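Would you like to learn your way around a new structure by working through a few exercises? Take each task in turn, try it yourself, and then compare your steps with the solution.

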Amino acid sequence: MQPVQAPFPATRFRRARKSQAMRDLVRENTLTPADFIWPVFVRDGEGVSEPIPSMPGVNRLSVDNIVKAAKEAHSLGIPAICLFPYTDPAKKTKDCAEAWNPDNLSNTATRAIKDAVPEMLVMTDVALDPYNIDGHDGFVEDGVIVNDRTVEALVKQALSQADAGADIIGPSDMMDGRIGAMRSALEAEGHQNVLLLSYSAKYASSFYGPFRDAVGASGALKGDKKTYQMDPANSDEALRLIARDLAEGADMVMVKPGMPYLDICRRVKDTFGAPTYAYQVSGEYAMIAGAGQNGWVDGEKVMMESLMCFKRAGCDGILTYFAPEASRLLNN
Ligand code: PBG
């Protein structure tokens with residue numbers, strides 16, 4: 001028997017796309033400046049704004065300029081800023097002691113921001129790479145990145161950041177057991193209300209190249225990070241890592257990089273329903289900003305599309321170097 005064929009399409013999806021107002025009404029996801037965490041690079045000096053060639057439009061800022069940037073971000077409606085220090089090579093050592101120096105760049109910038117704009121949330125990064133003569137996130141002994149001794153150092157680093165006033169601590173090191181160790185140390189030291197945003201599903205990615213230039217780790221790094229960061233081929237492992245970190249006391253979890261890993265974001269959000277963030281990393285930024293500058297794509301439109309897609313994939317927020325630029329467009 002022939003199926004009955006109506007003289008018109010049974011469903012006209014195009015009706016709901018006929019005008020901007022209609023499209024706005026049926027839109028499933030929204031993007032606002034409140035979705036952003038803005039990663040910034042801090043360096044020493046005063047009045048310094050130093051361009052990073054592999055990240056066109058991004059600068060390393062001295063603390064006074066970071067404070068100005070935080071004020072601007074606050075006025076744009078961005079709730080959080082994330083600090084990454086560019087450490088003077090002379091301060092990189094085997095024991096990484098600069099990582100928990102109460103007066104290191106990250107802690108100095110945290111205090112300055114909390115002083116000038118108390119409402120701005122400050123997130124800090126826990127990992128030894130900016131301070132390590134070997135460029136790795138953990139201590140290197142006989143060519144091996146050691147886990148448990150690194151975790152002890154990371155705990156000291158996290159406590160120094162909490163003491164400086166960090167609201168959110170972001171362990172990006174991928175050592176095992178660090179979330180539990182940091183959570184119990186924070187509890188013991190009176191920092192019950194400091195959040196841990198764990199870089200739980202962090203892949204050994206080639207998209208981090210420009211970041212390593214930005215923090216001055218490219219030259220220092222010996223070998224790769226594959227014994228602690230994840231294999232890009234894996235997905236179930238990400239869920240096991242997230243389950244582990246939530247059980248150890250993480251408040252929020254991250255998938256990193258972002259755009260090539262949206263399937264992971266969706267699985268994580270569906271499985272745990274926890275506050276889920278993606279990091280649109282330096283290499284993703286460089287591709288969009290670089291192609292935009294060359295006129296090969298419409299940079300603004302590609303930027304906004306890429307950010308909306310994180311929301312569609314289930315992310316509650318995005319760490320992105322585009323935060324101020326995107327917020328300016330969203331506010332207009
Ligand atoms: C290091 C760290 C990295 C990034 C954030 N924290 C680089 C790495 O793991 O080598 C990458 C961020 C980016 O590429 O934008 N602990």
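The exercises below go through helix packing, the ligand, the annotated sites and the backbone of this predicted model.

**Exercise 1.** Work out how helix H2 (residues 63-76) is placed against helix H3 (residues 105-116).

*Solution.* Two packed helices are described by the angle between their axes and the distance between the axes. Start with those two values: the axes of H2 and H3 lie 9 Å apart, and the angle is about 40 degrees. Because of this angle, H2 counts as oblique to H3. Next comes the hand of the crossing, and H2 passes H3 in a right-handed way. Then look at who meets whom. H2 brings Val63, Ile66, Val67, Ala70 and Lys71, while H3 brings Thr108, Ala109, Ala112, Ile113 and Ala116. Sorted by class, this contact of H2 with H3 has 8 nonpolar, 1 polar and 1 charged residues.

**Exercise 2.** Do the same for H3 and helix H4 (residues 148-164).

*Solution.* First, the axes of H3 and H4 come within 8 Å, crossing at roughly 25 degrees. Angles under 35 degrees count as roughly parallel, so H3 is roughly parallel to H4. The crossing of H3 and H4 is right-handed. In this contact, Ser106, Asn107, Thr110 and Arg111 of H3 face Ser160, Gln161 and Ala164 of H4. The class count for H3 with H4 is 1 nonpolar, 5 polar and 1 charged residues.

**Exercise 3.** Describe how helix H10 (residues 299-312) crosses helix H11 (residues 323-331).

*Solution.* The axes of H10 and H11 come within 11 Å, and they cross at roughly 95 degrees. Angles of 65 to 115 degrees count as roughly perpendicular, and therefore H10 is roughly perpendicular to H11. From H10 the contact takes Glu300, Met303, Met304 and Leu307, and from H11 it takes Glu325, Ala326 and Leu329. These residues of H10 and H11 divide into 5 nonpolar, no polar and 2 charged.

**Exercise 4.** Find the residues that surround the ligand and sort them by class.

*Solution.* Go along the sequence and collect the neighbors of the ligand: Asp125, Ala127, Asp129, Asp137, Ser172, Tyr208, Phe211, Arg212, Lys225, Val281 and Ser282. Sorting this shell gives 4 nonpolar, 2 polar and 5 charged residues.

**Exercise 5.** Which residues does UniProt list for "active site", and why can they be said to gather at one spot?

*Solution.* The UniProt entry, which is unreviewed, lists Lys202 and Lys256 under "active site". They span 55 residues in sequence, but their C-alpha atoms are no more than 4.9 Å apart, so they gather at one spot. To place one of them, look at strand S9 (residues 195-202), which holds Lys202.

**Exercise 6.** Locate two backbone features, one at proline 257 and one at aspartate 142.

*Solution.* Keep the usual case in mind: most residues other than glycine have a negative phi, and most peptide bonds are trans. Now check the bond from lysine 256 to proline 257, which is cis, with omega near -5 degrees. Proline 257 sits in the loop between strand S10 (252-256) and helix H8 (262-272). Then turn to aspartate 142, where phi has a positive value, near 50 degrees. Aspartate 142 belongs to the loop between strand S6 (140-141) and strand S7 (144-145).

Note on methods:
Residues numbered from 1 in each chain as written. Predicted model: local features only at pLDDT ≥ 70, side-chain atom pairs only at ≥ 80, totals over all residues. Axes fitted to C-alpha atoms, helices over the stretch in contact; angles between N-to-C directions. Helix = DSSP H or I, 4+ residues; strand = E, 2+ residues; numbered from the N terminus. Parallel < 35°, antiparallel > 145°, perpendicular 65-115°, else oblique. Left-handed = near helix turned anticlockwise from the far one by under 90°. Contact = placed C-beta atoms within 7 Å. Nonpolar A, V, L, I, M, F, W, Y, C, P; charged D, E, K, R; others polar. Near = placed C-beta within 6 Å. UniProt positions renumbered as here; feature names shortened; annotations may be inferred.
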